[in-house]
Amino acid sequence: MEKLLSRIDRNRIPSHVAVIMDGNGRWARKKNMERIEGHRAGSLSIERLMDDALDLKIKCVSFYAFSTENWSRPAAEVNGLWNLMIEFFDKKLPIMIEKGAKVHHSGTMKKLPKNVRTRIEHAVESTKKNNKIILNFCLNYGSQQEITDSVNKWIETRKENEKITIAKIERNLYTNGLPPVDLMIRTSGEYRLSNFLLWQIAYAELIFVDVLWPDFGKKDLYNAVIEYQKRDRRYGGI
Ligand code: IPE
Ligand code: IPE
Ligand code: MG
């Protein structure tokens with residue numbers, strides 16, 4: 001591990017890492033366990049990544065935890081996921097506070113169960129002055145919905161003949177105020193974005209790994225950062 005760490009250039013750490021945490025169900029199936037056990041194991045990976053990101057001085061991590069499309073899963077799984085999230089915030093909020101993490105939520109609150117909503121609101125409120133790291137939990141998040149919501153918000157205040165601009169769209173995204181995404185990681189060997197941060201990853205480096213999310217650990221993060229630092233980010237220049 002030390003050897004991997006020594007290959008990381010501390011001056012070029014990605015500011016914002018976004019993760020599509022995929023593969024919990026397959027992890028459980030491989031072990032002959034219920035899918036929910038995969039999600040439970042996945043929540044331990046979230047904790048690990050929070051610590052490892054802090055150590056690397058990554059400024060912001062976005063966790064894709066529930067998509068607007070995940071409502072199509074059986075009710076028992078959806079409810080199981082909400083219960084795990086409640087448990088996660090109840091257990092981990094004191095630790096996040098202690099570590100100086102600021103909790104941010106991306107997504108629509110509307111459809112979220114009330115007991116989940118109150119946890120998120122409480123976590124956001126009680127960490128708002130923290131500045132060591134931003135933990136952006138994307139819950140009931142869909143990128144297409146986000147962009148649509150943003151344009152609709154702007155329309156409400158729109159003056160006659162006023163045109164939409166990139167800056168105006170950005171201002172009303174759920175991620176307003178977060179640093180631009182530098183690195184996007186998807187686990188589980190799927191090569192798609194599944195409606196995650198489509199606007200924000202315009203110039204992010206994308207890394208797809210075969211590891212299933214519950215198995216994702218420090219070594220995988222270090223390898224992703226090493227790979228990220230090898231990339232030549234040209235932003236359309238030469
Ligand atoms: C990711 O794991 C977690 C969520 C989408 C909530 P999955 O549940 O999608 O796991 P697989 O893809 O079925 O293995
Ligand atoms: C993406 O995973 C959503 C989250 C990780 C929360 P999915 O498992 O829902 O994505 P698809 O259905 O395979 O594209
Ligand atoms: Mg999946």
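# A parallel sheet and the helices beside it

Strand 5 is covered on both of its faces, since Leu-183 and Ile-185 on one side, and Met-184 and Arg-186 on the other, are all buried. This strand belongs to a predicted model, in which six strands form an open sheet in the order 3-4-2-1-5-6 with parallel pairing. Strand 3 (101-106) and strand 6 (205-208) stand at the edges, and because each has a single partner strand, one side of each is left without a neighbour in the sheet. Neighbouring strands of this sheet are turned by 20° against each other on average, if direction is ignored.

**Strand 5 and its two partners**

- Strand 1, made of residues 16-20, is joined to strand 5 by four bridges, and the two strands run parallel; within this pairing, Ala-18 stands opposite Met-184 of strand 5.
- Strand 5, made of residues 183-186, is also joined to strand 6 by four bridges, and here too the strands run parallel.
- Between strand 5 and strand 6, Ile-185 has Ile-207 as its bridge partner, while Arg-186 stands opposite Phe-208.

**The edge at strand 6**

- The side chains alternate along strand 6, so that Glu-205 and Ile-207 point to one face and are buried, whereas Leu-206 and Phe-208 point to the other face and are not buried.
- The C-alpha atom of Glu-205 is separated by 9.5 Å from that of Asp-232, although the two residues are 27 residues apart along the chain.
- Asp-232 is found in the segment after helix 8 (218-230), and with a relative accessible area of 52% it counts as exposed, because the cut-off for that word is over 50%.

**Strand 2, strand 4 and the helix packed on the sheet**

- Seven bridges join strand 2 (residues 60-67) to strand 4 (residues 133-141), and these two strands run parallel; Tyr-64, for example, has Cys-138 in strand 4 as its bridge partner.
- Helix 4, which covers residues 75-98, packs on the sheet and touches strand 2, strand 3 and strand 4, while its direction makes about 165° with that of strand 4.

**Helix 4 with helix 5**

- Helix 4 and helix 5 (residues 114-126) pack at an angle of about 15°, with their axes 10 Å apart.
- Angles under 35 degrees count as roughly parallel, and helix 4 and helix 5 are therefore roughly parallel to each other; their crossing is left-handed.
- The residues of helix 4 that meet helix 5 include Trp-82, Phe-89 and Leu-93, and among those they meet in helix 5 as a group are Val-116, Ile-120 and Ala-123.
- Sorted by class, the contact of helix 4 with helix 5 has eight nonpolar, three polar and two charged residues.

**Helix 4 with helix 3**

- Helix 3 (residues 35-56) packs with helix 4 at an angle of about 25°, and their axes are 10 Å apart.
- Helix 3 and helix 4 are therefore also roughly parallel to each other, but helix 3 passes helix 4 in a right-handed crossing.
- In helix 3 the residues that take part include Arg-35, Ile-36, Ile-46 and Met-50, and in helix 4 they include Glu-77, Leu-81, Leu-84 and Lys-92.
- Sorted by class, the contact of helix 3 with helix 4 has seven nonpolar, three polar and six charged residues.

How values were computed. Residues are numbered from 1 along each chain as its sequence is written. Chains are lettered from A and ligands numbered from 1 in the order in which they are written. This is a predicted model: local features need pLDDT of at least 70, side-chain atom pairs count only at pLDDT 80 or more; totals for chains, interfaces and linings use all residues. Side-chain values use heavy atoms; hydrogens and water are left out. Two strands pair if DSSP finds at least two bridges between them. Axes are lines fitted to C-alpha atoms, for helices over the stretch in contact, and angles run from 0 to 180 degrees between N-to-C directions. Contact means heavy atoms within 4.5 Å. Angles under 35 degrees count as roughly parallel, over 145 as roughly antiparallel, 65 to 115 as roughly perpendicular and the rest as oblique. A crossing is left-handed if the near helix is turned anticlockwise from the far one by less than a right angle, and right-handed if clockwise. Ala, Val, Leu, Ile, Met, Phe, Trp, Tyr, Cys and Pro count as nonpolar, Asp, Glu, Lys and Arg as charged, and the others, Gly among them, as polar. Buried means under 20% relative accessible area, exposed over 50%, partly exposed in between (1.4 Å probe, protein chains only).
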